[in-house]
Amino acid sequence: MKIVMATRKLLTEIQCIIVSLYESFEDQTLFFHTVNHVLQVVTHVQELCAYYQISEADTFVVSTAAWFHDLGYLTVGAAGHEYKSAELAGKYLSERLPDADMLMQIQQCILATILPQRPQTLLEQIICDADLYHLGTEDFFYRDGLMRKETELRVGKIDDKKWLTGSIDLLESHKFHTKYCQQNLGKKKQWNLDTSKAMLQKIE
């Protein structure tokens, strides 16, 4: 019980510090990987944990990973940000979280989000599906537009054909790992893919 209470308190502290770090981030180059994305991932993680009746300790693990999973964007940018995020989680939690195995699980969940995703456990599947949840929602094209804007600031202008081709490749290569997301997001993801292909045909 003491451990549960301690992790609840720590999770609240983590939420506060992560939100504060994003809000104080002065480099205005992030449009997709913002605190709003982090909040959405955390929300979907909790949705999946509730569905699968994940224990409170394991929910803490994957929720904490969700809060940290993109923090590396604020320091190293896109390349290798997952490794930096796992490192930052380790630095912050090493003295606050007495359970070394729990910390290792948190870092493994963060690293599981590296594309192409290859989650090995249910917790890793949950964070992977939460991270790319938007692929199977009506929000896809809006979120895809934010990702394009963010990417173009980093690499320069990308023409419509090239971007659409990349988005189609992502949708085709991606798969949801949990049955929950397969059943609830699969049809909309297929619609997003079909629509993207139709858009590409119009400009070719």
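Reader: Hello! Where is the place of H134?

Author: Welcome! This is a predicted model, and H134 makes a good place to begin. Two helices frame this residue, and its place is in the loop between α6 and α7.

Reader: Is H134 buried or exposed?

Author: Residues with under 20% relative accessible area count as buried. H134 touches F32, F140, R143 and N192, leaving out residues up to four places away in sequence. Its relative accessibility is 14%, so H134 counts as buried.

Reader: Which residues of α7 are buried?

Author: Let us look at the helix itself to start with. α7 has 16 residues, and its first and last C-alpha atoms are 22 Å apart, close to the expected 22 Å. Its buried residues are covered by elements that include α2, α8 and α9. Those buried residues are F140, R143, D144, L146, M147, R148, E150, T151 and E152.

Reader: Which residue just after α7 takes a positive phi?

Author: Most residues other than glycine have a negative phi. The residue here is a glycine, with a phi of about 100° just after α7. Its name is G156.

Reader: Which residue that is not a glycine has a positive phi?

Author: You will find it following α2, in the loop between α2 (35-51) and α3 (56-68). The phi is about 55°. With a relative accessible area of 71%, this residue is exposed. Its name is Q53.

Reader: Why does the span of α2 agree with what is expected?

Author: The helix has 17 residues, which at 1.5 Å a residue should span 24 Å. Its end C-alpha atoms are also 24 Å apart, so the two values agree at 24 Å.

Reader: What is H44 in contact with, leaving aside its neighbours within four places in sequence?

Author: H44 lies in helix α2, where V41, V42 and V45 are among the other buried residues. At 18% relative accessibility, H44 counts as buried too, since the cut-off is under 20%. Beyond its sequence neighbours, H44 is in contact with A130 and Y133.

Reader: How many Å separate the C-alpha atoms of I126 and C109?

Author: I126 is in helix α6 and, at 0% relative accessibility, counts as buried. Not counting residues up to four places away in sequence, I126 touches V45, L48, C49, I54, V62 and T178. C109 is 17 residues away along the chain, and the C-alpha atoms of the pair are separated by 8.9 Å.

Reader: How many of the 13 residues of α4 are buried?

Author: Helix α4 (residues 81-93) reaches 18 Å from its first C-alpha to its last, close to the expected 18 Å. H81, E82, K84, S85 and A86 are among its buried residues, and so are L88, A89, G90, Y92 and L93. The helix is largely enclosed by the rest of the structure because the buried residues number 10 of the 13.

Reader: Which residues touch the most other members in the largest nonpolar core?

Author: Nonpolar side chains tend to be buried together in soluble globular proteins. The core here has 52 residues, with two or more given by each of α1 (2-23), α2, α3, α4, α5, α6, α8 and α9 (179-203). A second, separate core of five residues includes F32, L146, M147 and W163. In the largest core, the residues that touch the most other members are I14, V45, F68, L93, L97 and I106.

Reader: What is F68 in contact with, leaving aside its neighbours within four places in sequence?

Author: F68 belongs to the largest nonpolar core. Its contacts include S85, L88, A89, Y92 and L93, which are among the buried residues of α4. The full list for F68 is I14, I18, S85, L88, A89, Y92, L93 and I110.

Reader: Which element gives the most to the lining of the largest pocket?

Author: The largest pocket holds about 640 Å³ of space, and H33, Y73, L115, M147 and L170 are the closest to its centre of the 28 lining residues. The lining divides into 10 nonpolar, 10 polar and eight charged residues. α4, α7 (140-155) and α8 (160-173) each supply at least two of them. With six residues, the element that gives the most is α8.

Reader: Which residues does a cis peptide bond join?

Author: Most peptide bonds are trans. The cis bond here has an omega of about -5°, and its proline is in the loop between α5 (100-111) and α6 (122-131). The residues joined are L115 and P116.

How values were computed:
Residues are numbered from 1 along each chain as its sequence is written. This is a predicted model: local features need pLDDT of at least 70, side-chain atom pairs count only at pLDDT 80 or more; totals for chains, interfaces and linings use all residues. Side-chain values use heavy atoms; hydrogens and water are left out. Helices (H or I, at least four residues) and strands (E, at least two) are DSSP runs, numbered from the N terminus. The expected span of a helix is 1.5 Å times one less than its number of residues. Buried means under 20% relative accessible area, exposed over 50%, partly exposed in between (1.4 Å probe, protein chains only). On a 1 Å grid over the protein atoms alone, a cavity is a set of points where a 1.4 Å probe fits but cannot get out, and a pocket is an open set with protein on both sides within 12 Å along at least five of seven lines; lining residues have an atom within 4 Å of a point. Grid points are joined across faces, edges and corners, and a volume is the space filled by probe spheres set on the points. Ala, Val, Leu, Ile, Met, Phe, Trp, Tyr, Cys and Pro count as nonpolar, Asp, Glu, Lys and Arg as charged, and the others, Gly among them, as polar. A nonpolar core is a set of buried Ala, Val, Leu, Ile, Met, Phe, Trp, Tyr and Cys residues joined through side-chain atoms within 4.5 Å. Contact means heavy atoms within 4.5 Å.
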